[in-house]
Amino acid sequence: MGTSPALVVCSRGVKILPDTILQPLNSGPDKYDVLVIPGGLKGAETLARSTEVQTLVREYYEGNKIVAMICAGTLAAKTAGLPFQPVTSHPVIKNELVSVYDYKEILWSCLTRYQARGRYRGPGTVFPFAFKLAELLCGKAKSDEVREPMMFPAGVYQCY
């Protein structure tokens with residue numbers, strides 16, 4: 001976390017220049033409907049260590065907003081101190097979560113507006129993750145409208 005955008009070099013050598021930086025005071029649950037914590041092990045570890053991110057996770061959770069995490073991003077649930085609940089994650093961080101949460105060996109745990117949390121397992125679940133977020137934020141019809149031209153099979157992203 002920094003005070004100005006800096007070039008980020010990802011684990012596979014991809015370089016990204018952010019348009020903006022995290023500004024916690026302008027990123028709270030009064031400003032947005034959802035907080036999404038991405039995966040990617042090194043990035044997820046960095047986000048999970050950030051006190052600003054930990055605070056945002058707690059604020060969104062306590063405000064009954066959607067807190068969605070994918071892959072190793074679930075580490076942020078632990079470092080933010082979210083209460084015991086069902087979670088899933090990429091298997092590489094499973095051991096860090098099983099003693100703290102009701103860890104499930106499923107592709108994803110259900111994202112619901114009222115549950116206000118969701119965890120998806122890894123990169124292969126990114127499309128169901130995005131479609132479910134679109135459904136929660138914009139309705140099923142809009143989610144289906146986005147999904148259909150992408151040729152992603154209907155029903156594949158149902159929660160278990």
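This is a short walk through the fold, one strand, two helices and some salt bridges of the structure above.

Okay, so before anything else: what we have here is a predicted model. Let me start with the overall picture. The protein has 160 residues, and 38% of them count as buried. The secondary structure adds up to six helices and seven strands. If you read along from the N terminus, the order goes β-β-β-α-α-β-α-β-α-β-β-α-α. As for surface, about 9,000 Å² is exposed, and 58% of that comes from carbon and sulfur atoms. And on contacts: take the pairs at least 6 apart in sequence, and 49% of those contacts join residues at least 24 apart.

Now, strand 4. That's residues 66-70. How many of its five residues are buried? Five of the five, so strand 4 is largely enclosed by the rest of the structure. Remember that in a regular strand the side chains alternate between the two faces of the sheet. Here both faces are covered: on one side you have Ile66, Ala68 and Ile70, on the other Val67 and Met69, and they're all buried. Which way does strand 3 run relative to strand 4, parallel or antiparallel? Strand 3, residues 34-37, runs parallel to strand 4, and four bridges join the two. If you want a spot to look at, find Val36, which stands opposite Ala68 of strand 4.

Let's look at what leads into strand 4. Gly63 sits in the loop between helix 2 and strand 4, and at 40% relative accessibility it's partly exposed. In sequence Gly63 and Pro29 are 34 residues apart, but C-alpha to C-alpha they are 6.8 Å apart in space. Asn64 is in that loop between helix 2 and strand 4 too. Asn64 is exposed, with a relative accessible area of 55%. What I'd point out is its backbone: most residues other than glycine have a negative phi. Asn64, though, has a positive phi, near 55°.

Then Lys65, also in the loop between helix 2 and strand 4. Lys65 makes a salt bridge with Asp33, at 3.5 Å from N to O. That pair links distant parts of the chain, because Asp33 is in the loop between strand 2 and strand 3, 32 residues from Lys65. Asp33 itself is partly exposed, at 47% relative accessible area.

On the other end, strand 4 is followed by a loop to helix 3, and Cys71 is in that loop. Cys71 also has a positive phi, near 60°, without being a glycine. Buried or exposed? Cys71 is buried, at 11% relative accessibility.

Right, on to the C-terminal helices. Helix 5 covers residues 126-138. It has 13 residues, which at 1.5 Å a residue should span 18 Å, and the end C-alpha atoms are indeed 18 Å apart. Several of its residues are buried, including Phe129, Phe131, Leu133 and Leu136, and Lys132 is on that list as well. Just after helix 5, Gly139 takes a positive phi of about 100°.

That brings us to helix 6, and back to charges. Side chains of opposite charge can pair when their charged atoms come close. How many salt bridges does the model have? The count comes to nine. One of them joins Asp144 to Lys140, with the closest N and O atoms 3.1 Å apart. Both are in helix 6, four residues apart, so about one turn of the helix. Asp144 is buried, at 16%, whereas Lys140 is partly exposed, at 43%. Then there's Arg147 with Glu148, at 3.8 Å from N to O. Arg147 is buried, with a relative accessible area of 7%, while Glu148 is partly exposed at 48%. And these four, Lys140, Asp144, Arg147 and Glu148, are linked in a network of salt bridges.

Last stop, also involving helix 6. Which residues make the nonpolar surface patch of about 320 Å²? Those are Val126, Phe127, Val146 and Met150. Val146 is in helix 6, and it's partly exposed, with a relative accessible area of 38%.

That's my tour. Happy to pull any of these up on the screen.

Key. Residues numbered from 1 in each chain as written. Predicted model: local features only at pLDDT ≥ 70, side-chain atom pairs only at ≥ 80, totals over all residues. Heavy atoms only, no water. Buried < 20%, exposed > 50% of the residue type's maximum accessible area, 1.4 Å probe, protein only. Pairing = 2+ DSSP bridges. Patch = residues over 30% accessible without salt bridge, like charges linked within 9 Å, V, L, I, M, F, W, Y side chains within 5 Å. Areas by Shrake-Rupley, 256 points an atom, 1.4 Å probe, with all protein chains shown as cover. Salt bridge = Lys/Arg side-chain N within 4 Å of Asp/Glu carboxyl O. Contact = heavy atoms within 4.5 Å. Expected span 1.5 Å × (residues − 1).
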